[in-house]
Amino acid sequence: MRLIISPLMVCLAAFASSFQANAFQMAHHPHFKHMMKSSSSSSPGSSSKTQLHSTAYPSLLSAERQVYAFQDWAFQCGVQAQDGFYLAQDMIDGNEDWSLVTSEGGAQGSSFLSIPAQMILSSAVLEQEFDGYVDPMAFGMLKQKGYTHLIPKFFLFLKLCMEYEQGENSMYYPWMASFPKKWNTAVAMDSFCLSCLPSKLKTICLEEREQLDAFREALQSFEYVSPETKNNDEVMKFIYNVVNTRAFPTTPYPAMDDTDVYTIVPLADFLNHGYNDNVELYYDEEGNCQAVLKEDVSPGQPLTLSYGTPTDTGKLLATYGFLNDDSPATYCKLLLPAPSAELRDIGYDRSTMLFYTEDGGIAQEVWDAVLYSTLEKIPGAEDVKYAFYEAHMNEDYETKMAIHQQFQGETVNKLLEHVNKILTEVQALQNKMYQYNSDRHPRLPLLLRHHEMVISTFMKARDNLYAMT
């Protein structure tokens, strides 16, 4: 491994000598080692409660992103990378964006980035270090609200709240100063933008906002974060967005018997979403992270991770604040109430209910789910419904297609009704958005692009359906 050298980085030689002088200090910095409990300390960190409550830095929310300073800090802390890998700047949806790129390319299986375990924030490690400092009622509240699966992220949320309050005294300050200051996520949207969302996307966004509310409620009993921070809406949104957009599941985590672990890996968290993604993260027994190429990468090609199902454009927009323009398909927004176990066996699932963006093609699972749900409601169709189910489970394609042909009219009409309903809703929202100034509501251009993609895809699907009538 060699240290990265690129046009976008300050030459590492400039601080090589200072690194040697600071190495011992950094290795023993209490927050470089996370937060170590001590019988002589009044908090889960090494700083006293007074210190924690006296050094908040609101400038983190307003100052320009300090990406170059963060790069310097990362490599002083022991990050290693091959030559040719660097952070590139761009503007996406009106916001400053940085991403990892290679100027020289790389071969499949090669490790291009190594991040030491001491820099990595792990929910499993933090859970141990916060043990005894968090009111059990906070976890009880999260569980009661159905957010048990978010408890690992809540530990990261707590950690970043404490680091925020330490400001420049935090070991992680250079990293935090590199974070985005503007977001297009669900929790960043204003009420007008929320009112412009189609019903399903609005539901997803409201769920995200409810999760933030739950984190804030659970935080109230944690005495090592000041009331000023707890009650600052912008700070809470900022920290929640950092955790939600930069923490990824790690299963299993080295030396941990825990399959529900989230980690944030500084520098690797600059890997953007890609379809298809070309990077995977691996952890060795000591918890060090290696970023490895999944395929050969050409010079100038962005390096990307998968943030989730590429066809779930609404979830990606709500959680991460971007529109996945290169998605081959999009969720068809078909909601069947109280789906039976048999209907789920047939293939009814959000991930498979797709319309294809290029030509408006309709996934076979959509046809199957609509037909089966129709048969469930037709009196006297029990035998046909059973025959269709058995044909599907036994991969009897010929029988399935014969039943589809028999009920094609009913299925097409059901889908046309659904498609026209969605088009009417989204076009009305689009017209509403055109009447407002994007300077006042800066997320409108992104939402308009989302709506235009939905309208284009659904109109193609409608044309296909009309051709079958």
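What share of the contacts in the chain between residues at least 6 apart in sequence join residues at least 24 apart? The share is 73%. The model shown here is predicted. The legends below begin with the whole chain and then turn to close-up views.

**Figure 1. The whole chain holds 18 helices and 13 strands.** The chain has 469 residues, and 54% of them count as buried. It exposes about 21,200 Å². Carbon and sulfur atoms supply 50% of that exposed area. A search of the whole structure also finds three cavities of 30 Å³ or more.

**Figure 2. Helix H6 is largely enclosed by the rest of the structure.** H6 covers residues 151-166. How many of its 16 residues are buried? The count is 16 of the 16, so the helix is largely enclosed. From its first C-alpha to its last, H6 reaches 23 Å. That is close to the 22 Å expected at 1.5 Å a residue. Just after the helix comes Gly167, which takes a positive phi of about 55°.

**Figure 3. Helix H16 has a buried side and another side with exposed residues.** H16 runs over residues 397-406, and its buried residues are Lys400, Ile403 and His404. Why are these three on the same side of H16? They cover an arc of only 105° around the axis, and this puts them on the same side. An α-helix has 3.6 residues a turn, so residues three or four places apart point the same way. The buried residues of H16 pack against three helices: H14 (364-375), H15 (382-393) and H17 (408-434). On the other side of H16, look for Glu398, Gln405 and Gln406, which are exposed.

**Figure 4. The largest pocket has a volume of about 870 Å³.** It is lined by 39 residues. Which of them are the closest to its centre? They are Ile92, Asp97, Asn272, His273 and Phe322. Four elements give two or more residues to the lining: strand E2 (85-92), strand E3 (95-102), helix H11 and strand E8 (272-273). E3 gives the most, with seven residues.

**Figure 5. Asn244 is a buried residue of helix H11.** H11 spans residues 233-246. The relative accessible area of Asn244 is 5%. The cut-off for buried is under 20%, so Asn244 qualifies. Leaving out residues up to four places away in sequence, Asn244 touches Lys153, Glu208, Thr319 and Tyr320.

**Figure 6. The second largest cavity has a volume of about 50 Å³.** Its lining includes Lys200, Leu201, Ile204, Thr311 and Lys333. Helix H9 (199-219), helix H12 (313-320) and strand E12 (329-331) each supply at least two lining residues. Which element gives the most? H9 does, with three residues. The 21 residues of H9 should span 30 Å at 1.5 Å a residue. The end C-alpha atoms of H9 are 30 Å apart, which agrees. Among the buried residues of H9 are Leu201, Ile204, Cys205 and Glu208.

**Figure 7. Lys333 and Ala338 lie in the loop between E12 and helix H13.** H13 covers residues 341-346. Lys333 has a positive phi of about 65°, although it is not a glycine. Ala338 is also not a glycine, and its phi is near 45°, a positive value. Are these residues buried or exposed? Lys333 is buried, with a relative accessible area of 14%. Ala338 is exposed, with a relative accessible area of 75%.

**Figure 8. A cis peptide bond joins Tyr275 to Asn276.** The omega of this bond is near 0°. Asn276 sits in the loop between E8 and strand E9 (279-283).

**Figure 9. His441 is a buried residue in the loop between H17 and helix H18.** H18 covers residues 444-466. The relative accessibility of His441 is 8%, so His441 counts as buried. What does His441 touch, not counting residues up to four places away in sequence? The residues are Asp190, Phe192, Cys193 and Tyr436. His441 and Phe192 are 249 residues apart in sequence. In space, their C-alpha atoms are 7.9 Å apart.

Definitions and conventions:
Residues are numbered from 1 along each chain as its sequence is written. This is a predicted model: local features need pLDDT of at least 70, side-chain atom pairs count only at pLDDT 80 or more; totals for chains, interfaces and linings use all residues. Side-chain values use heavy atoms; hydrogens and water are left out. Buried means under 20% relative accessible area, exposed over 50%, partly exposed in between (1.4 Å probe, protein chains only). Contact means heavy atoms within 4.5 Å. The arc is that of the directions from the helix axis to the C-beta atoms. Accessible areas come from the Shrake-Rupley method with a 1.4 Å probe; for residues, only the protein chains shown count as cover. The expected span of a helix is 1.5 Å times one less than its number of residues. On a 1 Å grid over the protein atoms alone, a cavity is a set of points where a 1.4 Å probe fits but cannot get out, and a pocket is an open set with protein on both sides within 12 Å along at least five of seven lines; lining residues have an atom within 4 Å of a point. Grid points are joined across faces, edges and corners, and a volume is the space filled by probe spheres set on the points.
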